[in-house]
Amino acid sequence: VSVDSELEPGLASRPEWLKFYAAFYNKEDVANQLTEQIISNLQCWSNVGQSTPVPTSPPVFGWASQDFSGNWIFSSASYKRQLSEFAGGEFYNGTYPNLASFLQASKNVDILIDETYFETVPTFQQALSTYGLTIKSASQYKWFNNFFREDGRVSPSYGFQWYDLGDIVEDYVLTDTLHMVHPSLPSPTYQYVWLRNVSDTSSSPTIITSS
């Protein structure tokens, strides 16, 4: 059976896949309740994120990667826009033919979420090297202390649980981006779940041995 929950464009539509999975186990009632709760949480945190003032201007999110043609990209995916804007931030997107123009554009970004490929957990320096940067040269960018990857929860072989559960429990993903914009929310001691701040060199992924 082919499933494509990760291709759903909107946050609120992704949890609906729970109902599809539940049909195989006669758990439709449970799935309906979970879906309603996730969507309710999304609405709640979205209202909080967008109504809570920020000290200066809203931080700008950029979800960065390189495509198979060699272009450098700040993603335009709808759900990433929503994860950014529902949290109270702004969303930056664009496609650039070379690294120099991409890095110039990245000066508009406050929070960079690195989606480039690694086979194992990268250090901050290793992740920066993808962009031709060192820690010293990267320090000029606003996103330097807010360089995240989607590897908060991974398998022992560095498979991202982001693609297994993160695209369903979007309310929990939203609390990650919410905390980036509003450090006191959901609480001052909140610990990131799905997104990891690689620039915090003390951070490391949580290893999940079973789903």
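1. A salt bridge here is a side-chain nitrogen of Lys or Arg within 4 Å of a carboxyl oxygen of Asp or Glu. By that test the structure holds six salt bridges. Keep in mind that this is a predicted model.

2. Take the pair Glu115 and Lys80. They form a salt bridge, with the closest N and O atoms 2.8 Å apart. The pair links distant parts of the chain, 35 residues apart. Glu115 sits in the loop between β5 and α5 (124-129), and Lys80 sits in helix α3. Lys80 counts as buried because its relative accessibility is 9%, and the cut-off for buried is under 20%.

3. Next, Lys142 and Asp110. Their side chains meet in a salt bridge at 3.6 Å, N to O. Again distant parts of the chain are linked, here 32 residues apart. Lys142 is in the loop between α6 (135-138) and β6 (147-149). Asp110 is in the loop between α4 (99-105) and β5. How exposed or buried is each partner, Lys142 and Asp110? Lys142 has 48% relative accessibility, so it counts as partly exposed. Asp110, at 19%, counts as buried.

4. Asp114 and Arg149 also form a salt bridge, and their closest N and O atoms are 2.7 Å apart. This one runs from strand β5, which holds Asp114, to strand β6, which holds Arg149. The two residues are 35 apart in the chain. Asp114 is buried, with a relative accessible area of 1%. Arg149 is buried too, with a relative accessible area of 1%. Which residues belong to the network that contains this pair? Shared partners join Asp114, Arg149, Asp151 and Arg196 into one network of salt bridges.

5. Helix α7 deserves its own point. It covers residues 170-181, twelve in number. From first C-alpha to last it reaches 17 Å, close to the 16 Å expected at 1.5 Å a residue. Eleven of its twelve residues are buried, so α7 is largely enclosed by the rest of the structure. The buried residues include charged ones, among them Glu170, Asp171 and Asp176. Val173, Leu174, Leu178, Met180 and Val181 are also among the buried residues of α7.

6. Asp176, in helix α7, is worth a close look. Where does its side chain go, if Asp176 is buried yet has no salt bridge? The side chain of Asp176 reaches the backbone nitrogen of Trp194 at 2.7 Å. The nearest side chain of opposite charge, that of Arg153, is 9.0 Å away. A salt bridge needs the atoms within 4 Å. Leaving aside neighbours within four places in sequence, Asp176 is in contact with Tyr190, Tyr192, Val193, Trp194 and Leu195.

7. Now the nonpolar packing. In soluble globular proteins, nonpolar side chains tend to be buried together. The largest nonpolar core has 25 residues. Within this core, Phe61, Trp63, Leu83, Ile113 and Trp162 touch the most other members. Elements giving two or more residues to the core are α2 (28-51), β1 (60-66), α3 (78-85), β5 (111-114) and α7. Helix α7 gives the most, with five residues. Another core lies apart from this one. That second core has 20 residues, including Trp72, Phe74, Ala105 and Leu133.

8. To pull the points on α7 together: the helix is largely enclosed, and it gives the most residues to the largest core. Asp176 is buried in α7, and its side chain reaches the backbone nitrogen of Trp194.

Conventions:
Residues numbered from 1 in each chain as written. Predicted model: local features only at pLDDT ≥ 70, side-chain atom pairs only at ≥ 80, totals over all residues. Heavy atoms only, no water. Helix = DSSP H or I, 4+ residues; strand = E, 2+ residues; numbered from the N terminus. Expected span 1.5 Å × (residues − 1). Buried < 20%, exposed > 50% of the residue type's maximum accessible area, 1.4 Å probe, protein only. Lys, Arg positive; Asp, Glu negative; His and termini not counted. Polar contact = N/O pair within 3.5 Å; in protein donor to acceptor, adjacent residues only side chain to side chain. Contact = heavy atoms within 4.5 Å. Core = buried A, V, L, I, M, F, W, Y, C linked by side-chain atoms within 4.5 Å.
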